[in-house]
Amino acid sequence: MILMQKRDLPLVSVRVTAKGGKEADPAERAGLASLTADLLTQGTKTRSREALATEVDALGARLGASAGRQDSNVGMEFLAKDTDKALAILDDVLKNPLFGEDELKRLVARRLDNIKAAKDQPQMAVRQHFDAYFFGKEH
């Protein structure tokens, strides 16, 4: 963890990074890391998706997760005065992810819609096939 204080801006930014991104996806489960990252912010065992979003919004904070090629990240930005509340939310997201079936189905359906829509957008189609073309089918 790296901490850098800026006294003129009372903002805290936390990013948790773990090894294992898109390159770690098994060939038969391409997109697993990305889907897992998306699911992390869709609710916990103690907070529904709506409750989680409401709490983050009430703090004026931002919560996000993503999967890169070699790592996965969960990050949160919030005002310094809300550190305890925000870190409690982040702790819950990291320790108690729900990975609910309804959320999974919703995200998979959205991904499929995006894939269909990409066929009409050449830049999206190129992006989807770039890694496999240049680095092999396992990417």
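# Salt bridges, core and surface

Student: Let's start with Lys81: buried or exposed?
Tutor: This is a predicted model, so take everything here as computed from it. To count as exposed, a residue needs over 50% relative accessible area. Lys81 has 69%, so the label is exposed.

Student: Which residue forms a salt bridge with Lys81?
Tutor: Side chains of opposite charge can pair when their charged atoms come close. For Lys81, the closest N and O atoms of the pair are 3.3 Å apart. The partner is Asp82.

Student: What is the relative accessibility of Asp82?
Tutor: Asp82 shares a salt bridge with Lys81, and Lys81 is exposed. Asp82 falls on the other side of the scale, because buried means under 20%. Asp82 counts as buried at 8%.

Student: How many salt bridges does the structure hold?
Tutor: Lys81 with Asp82 is one of them, and Arg62 with Glu77 is another. The total comes to ten.

Student: How many residues apart are Arg62 and Glu77?
Tutor: These two form a salt bridge with 2.4 Å between the closest N and O atoms. The pair links distant parts of the chain: Arg62 sits in strand β2 (residues 62–67) and Glu77 in strand β3. Their separation in sequence is 15 residues.

Student: Does Glu77 count as buried, exposed or partly exposed, and at what relative accessibility?
Tutor: Arg62, its salt-bridge partner, is exposed at 55%. Glu77 lies in between the cut-offs of under 20% for buried and over 50% for exposed. So the verdict for Glu77 is partly exposed, at 25%.

Student: In which helix do Asp91 and Lys95 lie?
Tutor: Their side chains meet in a salt bridge of 3.1 Å, N to O. An α-helix has 3.6 residues a turn, so residues three or four places apart point the same way. Asp91 and Lys95 are four residues apart, about one turn, and both lie in α3.

Student: What is the relative accessible area of Lys95?
Tutor: Asp91 counts as partly exposed, because its relative accessibility is 33%. Lys95 is exposed, with a relative accessible area of 59%.

Student: Which residues do salt bridges with shared partners join into one network?
Tutor: The pairs above are worth setting beside this case. Here the salt bridges share partners, and the result is one network. Its members are Arg49, Glu50, Glu103 and Arg106.

Student: On to the inside: which element supplies the largest share of the largest nonpolar core?
Tutor: That core has 13 residues, and the ones touching the most other members are Val56, Ala61, Met76, Phe78, Ile89 and Val93. At least two residues each come from α2 (49–58), β3 (71–79) and α3 (83–95). The largest share, four residues, comes from α3.

Student: Which residues is Ile89 in contact with, leaving aside neighbours within four places in sequence?
Tutor: Ile89 is among the core residues that touch the most other members. Another of that group, Val56, turns up in the contact list of Ile89. The full list is Arg47, Leu52, Glu55, Val56, Leu59 and Met76.

Student: Where is Thr41, and what does its side chain reach at 3.2 Å?
Tutor: Thr41 is in the loop between α1 (32–40) and α2, and it counts as buried because its relative accessibility is 18%. Beyond its neighbours within four places in sequence, it is in contact with Leu52, Leu63, Gly64 and Ala65. A polar contact of 3.4 Å joins its side chain to that of Gln42. At 3.2 Å, its side chain reaches the backbone oxygen of Asp38.

Student: Which elements do the buried residues of α1 pack against?
Tutor: Those buried residues are Ala33, Ser34, Leu35, Ala37, Leu39 and Leu40. They pack against both strands and helices, namely β2, β3, α3 and α4.

Student: What is the area of the nonpolar surface patch made by Leu104, Val108, Leu112 and Ile115?
Tutor: Leu112 is placed in helix α4 (residues 101–118). Patch members need over 30% relative accessible area, and Leu112 qualifies on that count because it has 45%, which is partly exposed. The patch comes to about 290 Å².

Student: Last one: what percentage of the 139 residues in the chain is buried?
Tutor: The chain runs β-α-α-β-β-α-α-α, with five helices and three strands. It exposes about 10,100 Å², and carbon and sulfur atoms supply 55% of that area. The buried residues make up 26%.

Terms used: Residues are numbered from 1 along each chain as its sequence is written. This is a predicted model: local features need pLDDT of at least 70, side-chain atom pairs count only at pLDDT 80 or more; totals for chains, interfaces and linings use all residues. Side-chain values use heavy atoms; hydrogens and water are left out. Patches are made of residues with over 30% relative accessible area and no salt bridge: like charges are joined within 9 Å, nonpolar side chains (Val, Leu, Ile, Met, Phe, Trp, Tyr) within 5 Å. Accessible areas come from the Shrake-Rupley method with a 1.4 Å probe; for residues, only the protein chains shown count as cover. A salt bridge is a side-chain nitrogen of Lys or Arg within 4 Å of a carboxyl oxygen of Asp or Glu. Buried means under 20% relative accessible area, exposed over 50%, partly exposed in between (1.4 Å probe, protein chains only). A nonpolar core is a set of buried Ala, Val, Leu, Ile, Met, Phe, Trp, Tyr and Cys residues joined through side-chain atoms within 4.5 Å. Contact means heavy atoms within 4.5 Å. A polar contact is a pair of N or O atoms within 3.5 Å; within protein, one must be able to donate a hydrogen and the other to accept it, and residues adjacent in sequence count only if both atoms are side-chain atoms.
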